[in-house]
Amino acid sequence: MFRNLKLRARFTVIMLIVYVLSLPVMIVGSYYILKKNAVREILEESNLMLAAMEGARKYTNDVLRPAVTKELPDKFIIEAMSATFVAKGIEKRIREKLPNYSFKEATLNPLNLVYKADDFESKKIEDFRTGKLTKEWRGYKHTDAGSFYVVMRPVVVQSGCLRCHGDPSLAPPEVRERYGTTHGYGWKVGEIQTANSVYVPADVPIENARKALVLFSIIYSLFFFAVMVIIDRVIIGSIIKPIEQFVDAADEISRGRFEREFTVKTNDEIKTLAEAFTRMKLSLAKAMDIMRRK
Ligand code: HEC
């Protein structure tokens with residue numbers, strides 16, 4: 001069937017086969033690269049968010065609290081001295097600009113119930129407690145609000161923490177007043193109560209990768225069809241047209257019109273063929289001449 005096709009049609013069919021075979025390769029290859037980039041972007045964002053939050057905590061512990069304590073040694077001003085409170089306050093303001101990013105000091109038994117670990121977080125904290133997980137957990141969490149990339153790091157309770165998280169009767173009055181005495185106390189030194197958890201949206205970069213893939217496929221297809229049209233024009237101009245002229249000239253010469261020339265503009269196989277035919281034509285003309293004279 002393929003052999004019965006005209007030259008142009010044959011080229012078109014070959015190009016279409018190449019297109020159909022190469023498109024999946026292009027799509028799979030691009031998808032792999034785009035997905036990898038999207039995941040890298042998500043990782044970088046989570047690291048950034050985590051660094052910002054840990055930075056806020058550290059700044060409060062290292063700078064803010066000592067400075068306030070120096071001025072007011074007997075007071076515990078939660079807004080300026082609790083690293084958790086400061087980090088949460090900064091996070092809240094980040095969320096005003098980037099609502100899908102969040103940081104939570106997910107805790108099994110918190111003073112402030114906004115930090116209460118949900119089922120997912122509790123499970124991970126349990127895994128940190130039993131040693132099934134160590135240093136860090138990273139992974140995806142799928143919720144009704146979309147998918148998130150999560151980084152969780154366990155926090156070990158130290159003896160200094162017990163001043164506020166240990167026996168409620170010993171806690172600063174400011175703490176008891178604000179959070180009550182029923183929850184958030186009784187922590188033990190060395191245990192893991194908390195996993196500092198960063199959530200960054202995972203849907204957007206993946207969705208962007210998908211959009212880029214569609215765009216790539218369209219550009220690739222347009223490019224391919226442009227090449228097909230160009231090749232088709234080239235085949236017509238440099239092979240089919242010259243052959244048609246050639247056939248026309250050969251036809252006339254075969255009917256005895258020896259003055260007809262083979263005109264070839266290109267310098268390729270067709271030109272060689274034309275030269276061979278021209279020699280044959282001259283020989284034929286000479287032979288006919290000799291025969292006629294006899
Ligand atoms: C001087 C008191 C004080 C000390 C000491 C203290 N915290 Fe807290 N902690 C607080 C207060 C107050 C909150 C509630 C902050 C809020 O409402 O945002 C809190 C909240 C937390 C939370 C969030 C969960 C919850 O209970 O609300 C974690 C986690 C936490 N602290 C960890 C620690 C660790 C770990 C240490 C020791 C390294 C520590 N804290 C020492 C006062 C303290």
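**Figure 1. Helix α5 in the shell around the ligand.** In this predicted model, α5 gives the shell around the ligand its largest share, three residues. The helix itself spans 162-165. Two other elements, α3 (83-97) and β1 (102-107), join α5 in each supplying at least two residues of that shell.

**Figure 2. The residues that surround the ligand.** Here we step back to take in the whole shell, where 20 residues surround the ligand. The closest are Tyr 115, Cys 161, Cys 164, His 165 and Tyr 179. Sorted by character, the shell holds 10 nonpolar residues, eight polar ones and two charged ones. And where does the ligand sit? Its place is the largest pocket.

**Figure 3. Polar atoms facing the ligand's oxygen and nitrogen atoms.** Tyr 179, one of the closest residues to the ligand, has a polar side-chain atom 2.6 Å from a ligand oxygen atom. At Leu 111 the backbone takes part: one of its N or O atoms lies 2.6 Å from an oxygen atom of the ligand. Thr 84 offers a polar side-chain atom 3.4 Å from a nitrogen atom of the ligand.

**Figure 4. Where domain 1 and domain 2 touch.** Domain 1 is made of two stretches of the protein chain, 2-17 and 210-293, while domain 2 covers 18-209. How far apart do the C-alpha centres of the two domains lie? The separation between these centres is 71 Å. For a close look at the contact itself, follow the 14 residues of domain 1 that are in contact with 15 residues of domain 2.

Definitions and conventions:
Residues are numbered from 1 along each chain as its sequence is written. This is a predicted model: local features need pLDDT of at least 70, side-chain atom pairs count only at pLDDT 80 or more; totals for chains, interfaces and linings use all residues. Side-chain values use heavy atoms; hydrogens and water are left out. A residue is near a molecule or strand if one of its heavy atoms lies within 4 Å of it. A polar contact is a pair of N or O atoms within 3.5 Å; within protein, one must be able to donate a hydrogen and the other to accept it, and residues adjacent in sequence count only if both atoms are side-chain atoms. On a 1 Å grid over the protein atoms alone, a cavity is a set of points where a 1.4 Å probe fits but cannot get out, and a pocket is an open set with protein on both sides within 12 Å along at least five of seven lines; lining residues have an atom within 4 Å of a point. A molecule sits in a cavity or pocket if more than half of its atoms lie within 2 Å of its grid points. Helices (H or I, at least four residues) and strands (E, at least two) are DSSP runs, numbered from the N terminus. Ala, Val, Leu, Ile, Met, Phe, Trp, Tyr, Cys and Pro count as nonpolar, Asp, Glu, Lys and Arg as charged, and the others, Gly among them, as polar. Domain bounds come from an automatic or database domain assignment. Contact means heavy atoms within 4.5 Å.
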